[in-house]
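Visitor: I would like a close look at a single part of this model, taken slowly and with its surroundings. Could you pick one helix and then say what lies elsewhere?

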Amino acid sequence: MTHNCILAISTSSGVARVAAVQDDWQVLFQFEISDYKSQSALLLPSIHDRFQQAGLQPGDVKAIAVDVGPGGFTSLRTACGVAQGLATAWDIPVVSLTSFECMLPKSTGSAENAGQAEFTVLIDARLNEIYMASFSRPSLKPVGNTPGNALDAAQGGTCWASEPGLLAVSDLATVSGRPICDRPVFELRIAAGLDAELGEVSAVRLGQLAWEELAAGRQAAPFECQPLYVRDKVAQTTSERLALKHGAV
């Protein structure tokens with residue numbers, strides 16, 4: 001049996017999430033690797049095993065979808081590296097989407113509310129900071145029961161109201177409305193008496209949105225897939241660590 005699917009890979013949250021999503025948005029398989037230290041070693045063998053179990057061949061895959069971040073430095077490099085290697089070997093394009101888009105609720109894919117909402121997504125960035133972005137995502141109009149096909153592909157895509165950036169945890173109360181938050185930020189919002197919606201980075205959602213991107217021609221060559229780093233600097237020098245330890249400013 002021949003399938004048309006997108007292989008979606010997300011590691012930005014620290015958990016490796018992978019899914020194979022058909023052009024009708026049905027899921028052929030999905031799995032997680034929660035052990036951060038094992039992801040780089042287990043990711044490719046796990047994909048190979050799931051392909052065999054699902055009866056998939058490389059020719060069934062039309063693109064590799066990658067969650068390019070923001071997220072952990074090493075995790076993002078792992079996802080992009082695996083995507084680049086597979087896409088090159090299989091001679092298929094890569095579709096890059098952000099962690100923010102991968103947290104969109106599933107209802108945004110329906111035609112009746114396409115383009116009607118603007119979302120603010122908050123993700124724990126550690127170091128007393130939060131990744132933040134506001135955007136709308138007008139979905140493509142589905143043809144019958146096949147959301148991956150479009151009547152008007154030009155309408156699709158993410159419209160950024162505020163580009164991905166950093167917010168200090170101390171400024172969390174300045175975010176109005178009911179933002180979609182990962183669990184650490186959700187708990188901070190609730191503890192402060194602020195409204196929030198609990199969300200999670202999803203490889204399935206990544207694959208579904210990647211079909212919209214592919215239908216609209218928004219794709220890239222394998223090595224154009226690069227991690228999105230919001231921070232200019234993610235590590236401290238030895239002298240900086242010592243200064244902080246001893247209270248220097």
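Guide: What follows is a look at one helix, and then at a loop residue and a sheet.

The model is predicted, and the part chosen here is helix 2, which takes in residues 73-90 and so counts 18 residues in the DSSP numbering. From its first C-alpha to its last, helix 2 reaches 26 Å, close to the 26 Å expected at 1.5 Å a residue. Its buried residues are Ser-75, Leu-76, Thr-78, Ala-79, Cys-80, Val-82, Ala-83, Gln-84, Leu-86 and Ala-87. As background to reading such a list, an α-helix has 3.6 residues a turn, so residues three or four places apart point the same way. The cover over the buried residues of helix 2 includes helix 1 (39-54), together with strand 1 (5-10), strand 4 (61-67) and strand 5 (94-97). Just after helix 2, Asp-91 takes a positive phi of about 55 degrees.

Elsewhere, Val-230 is placed in the loop between helix 4 (203-215) and helix 5 (238-245). Setting aside residues up to four places away in sequence, Val-230 touches Pro-70, Tyr-131, Pro-164, Gly-165 and Leu-166; between Val-230 and Leu-166 there are 7.2 Å in space, C-alpha to C-alpha, although they are 64 residues apart in sequence.

There is also an open sheet of 5 strands, in the order 8-7-6-9-10 and with mixed pairing, whose edge strands, strand 8 (159-168) and strand 10 (197-198), each pair on one side only. Within this sheet, strand 6 (residues 118-126) and strand 9 (residues 180-181) run parallel and are joined by 2 bridges, with Cys-181 in strand 9 as the bridge partner of Leu-122.

Notes: Residues are numbered from 1 along each chain as its sequence is written. This is a predicted model: local features need pLDDT of at least 70, side-chain atom pairs count only at pLDDT 80 or more; totals for chains, interfaces and linings use all residues. Side-chain values use heavy atoms; hydrogens and water are left out. Helices (H or I, at least four residues) and strands (E, at least two) are DSSP runs, numbered from the N terminus. The expected span of a helix is 1.5 Å times one less than its number of residues. Buried means under 20% relative accessible area, exposed over 50%, partly exposed in between (1.4 Å probe, protein chains only). Contact means heavy atoms within 4.5 Å. Two strands pair if DSSP finds at least two bridges between them.
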